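Trainee: Could you take a close look at one part of this chain with me? I'd like to go through the loop that carries the asparagine and its neighbours, and then see how the rest fits around it.

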Amino acid sequence: MQVQAAAEWLMDLKRPWAVGRKQARELGAELAEAVAETGWDLDASLALWLCRTEEGKKAPDNHRAVLRHRIEQLERRTSVFPTTRDDTAVASSTGGTPAWCGICNRGERPLSLMERLLDVGEDEQVRCPRCHPAALRTTPPAKKK
């Protein structure tokens, strides 16, 4: 069942990363095994990681080959998206997005990374300093003691 879910997830990626049914069957087994071993879920954070454009590099030309390589070489989720440091989620040195803190978005799991917001007034919201990707890019990491 995990292989089928992984295959369907791959077919649902945004173009140009989405794969056809034949390649989805082939890569689905590899992806199901990779997520089981590395702690990822078939969610938006995995899609962002697999379909990223690496800083300082041009966008991939052969998306399917890059996707296959990234699935085969998938790192543990915790090495890409460390979750906390002094009650604050932190991005990794690779520029990853941390796990949702569970506090922002009124305690409801956001549907997108950009919904990681805190209410500060009746009609005003700010980026969550614990886990919003843009807020973390502007906040220097805490110094180690």
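Mentor: Let's start with the ground rules, then go to the loop, and then look further out. This is a predicted model, so local features need pLDDT of at least 70 and side-chain atom pairs count only at pLDDT 80 or more, while totals for chains, interfaces and linings use all residues. Residues are numbered from 1 along each chain as its sequence is written, and side-chain values use heavy atoms, with hydrogens and water left out.

Your loop runs between helix H5 (77–80) and strand E1 (117–119), and asparagine 105 is found there. Helices here are DSSP runs of H or I with at least four residues, and strands are runs of E with at least two, numbered from the N terminus. Asparagine 105 has a positive phi of about 55 degrees, although it is not a glycine. Arginine 106 lies in that loop between H5 and E1 too, and its phi is near 55 degrees, again a positive value in a residue other than glycine.

Now for burial: buried means under 20% relative accessible area, exposed means over 50%, and partly exposed is in between, with a 1.4 Å probe and protein chains only. Asparagine 105 counts as buried because its relative accessibility is 17%. Arginine 106, on the other hand, is exposed, since its relative accessible area is 61%.

What does the asparagine side chain do? It reaches the backbone oxygen of glutamate 108 at 2.9 Å. That is a polar contact: a pair of N or O atoms within 3.5 Å where, within protein, one must be able to donate a hydrogen and the other to accept it, and residues adjacent in sequence count only if both atoms are side-chain atoms. Leaving aside neighbours within four places in sequence, asparagine 105 is in contact with Pro110, Glu115 and Leu117, where contact means heavy atoms within 4.5 Å.

Just before the asparagine sits cysteine 104, which counts as buried because its relative accessibility is 0%. Cysteine 131 is buried as well, with a relative accessible area of 0%. You might expect a bond, but the sulfur of cysteine 104 is 3.6 Å from its closest cysteine sulfur, in cysteine 131, and that is too far. A disulfide needs a pair of cysteine sulfur atoms within 2.5 Å, and the count by this rule comes to 0.

Further out, the chain has 6 helices and 2 strands, and from the N terminus on the elements run α-α-α-α-α-β-β-α. Buried residues make up 37% of the 145 residues.

Another loop worth a visit lies between helix H1 (2–11) and helix H2 (21–38), the place of proline 16. A cis peptide bond joins arginine 15 and proline 16, with omega about 10 degrees. Proline 16 counts as partly exposed because its relative accessibility is 42%. Proline 16 and arginine 64 are 48 residues apart in sequence and 8.5 Å apart in space, C-alpha to C-alpha. Histidine 63, in helix H4 (residues 63–72), touches Pro16 and Trp17, not counting residues up to four places away in sequence. Histidine 63 is buried, since its relative accessible area is 17%.
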